[in-house]
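User: I would like to go through this model and ask, for each label, what justifies it. Could we begin with the contacts and then move on to the helices?

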Amino acid sequence: MDSPSFPEVESSNSEGSGLNTPNTSSSAGTSSSGSAPSRYENQKRRDWNTFLQYLKNHRPPLSLSRCSGAHVLEFLRYLDQFGKTKVHTPICPFYGHPNPPAPCPCPLRQAWGSLDALIGRLRAAYEENGGKPETNPFGARAVRLYLREVRDLQSKARGVSYEKKKRKRPPPPAGAAPDQPPSPGEG
Ligand SMILES: [Zn+2]
């Protein structure tokens, strides 16, 4: 008995043919229906364009297909100049203070949370734009290690914890003690 040979079914992923429904709704007064792109999708597209622009301006020129995790790290460091998060250096007196009482000359960086989210979006965008998961530079081990390092560094420098907060917040005391009046001074 011959084993039947199955024809290889290629699941053609015909993309680009979005539902192009003409506006034939007779009911007047309806605003543009259809799902508007979410904030995440918008942000993802903007991030992707930013990255493509970065590649375009790269010297020497760099194509997406030759982009590696090292280039992604380069990109992240490049973004630091636009950061707005003060990251104290270990010699700063405010090192480890979440709310420093005075300004200091420490550099501004991209917050770890922003970078982490950014990489997530770019990673998705890369594959949505035809990139293969196994060559996705945003999923590179070096990138993951770098993000972990940044998280560690910033949590120490800023005195904040990035650990997932457990539901451990104690309820506020019901009968909180009223503010104590200042002790009367000598009159
Ligand atoms: Zn500082």
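Analyst: This is a predicted model. If its neighbours within four places in sequence are left aside, V143 is in contact with G69, V72, L73, I119 and F138.

User: What makes these residues contacts of V143?

Analyst: Two residues are in contact if their C-beta atoms, placed from the backbone, lie within 7 Å, and G69, V72, L73, I119 and F138 are in contact with V143 in that sense. V143 also belongs to the largest nonpolar core, a set of 15 residues, and is listed with V72, L115, I119, L122 and F138 as having the most contacts inside it. Two or more residues of this core are given by each of α2 (69-79), α3 and α4 (141-158), and the largest share, seven residues, comes from α3. In soluble globular proteins, nonpolar side chains tend to be buried together.

User: Why are α3 and α4 called roughly antiparallel?

Analyst: The two helices pack at an angle of about 160°, with their axes 9 Å apart. Angles over 145 degrees count as roughly antiparallel, and α3 and α4 are therefore given that description. The crossing of α3 past α4 is left-handed. On the α3 side the contact is made by W112, L115, D116 and I119, and on the α4 side by V143, L147, V150, R151 and Q154; by class, this contact has six nonpolar, one polar and two charged residues.

User: How do you know that α1 is roughly perpendicular to α3?

Analyst: The axes of helix α1 (residues 39-57) and helix α3 (residues 112-128) come within 9 Å and cross at roughly 80°. Because angles of 65 to 115 degrees count as roughly perpendicular, the crossing of α1 with α3 receives that name. In this contact Q43, K44, D47, W48 and F51 of α1 meet L118, R121, L122, A124 and A125 of α3, and by class the residues are six nonpolar, one polar and three charged.

User: Why is K44 called buried?

Analyst: K44, whose place is in helix α1, has 20 other C-beta atoms within 10 Å. A residue is buried if 20 or more other C-beta atoms lie within that distance of its own, so K44 meets the cut-off and is classed as buried. Leaving aside its neighbours within four places in sequence, K44 is in contact with R121, A124 and A125. K44 and A117 are 73 residues apart in sequence, while their C-alpha atoms are 9.8 Å apart in space.

Key: Residues are numbered from 1 along each chain as its sequence is written. This is a predicted model: local features need pLDDT of at least 70, side-chain atom pairs count only at pLDDT 80 or more; totals for chains, interfaces and linings use all residues. Axes are lines fitted to C-alpha atoms, for helices over the stretch in contact, and angles run from 0 to 180 degrees between N-to-C directions. Helices (H or I, at least four residues) and strands (E, at least two) are DSSP runs, numbered from the N terminus. Angles under 35 degrees count as roughly parallel, over 145 as roughly antiparallel, 65 to 115 as roughly perpendicular and the rest as oblique. Ala, Val, Leu, Ile, Met, Phe, Trp, Tyr, Cys and Pro count as nonpolar, Asp, Glu, Lys and Arg as charged, and the others, Gly among them, as polar. A nonpolar core is a set of buried Ala, Val, Leu, Ile, Met, Phe, Trp, Tyr and Cys residues joined through C-beta atoms within 7 Å. A residue is buried if 20 or more other C-beta atoms lie within 10 Å of its own, exposed if 12 or fewer, and partly exposed in between; C-beta atoms are placed from the backbone. A crossing is left-handed if the near helix is turned anticlockwise from the far one by less than a right angle, and right-handed if clockwise.
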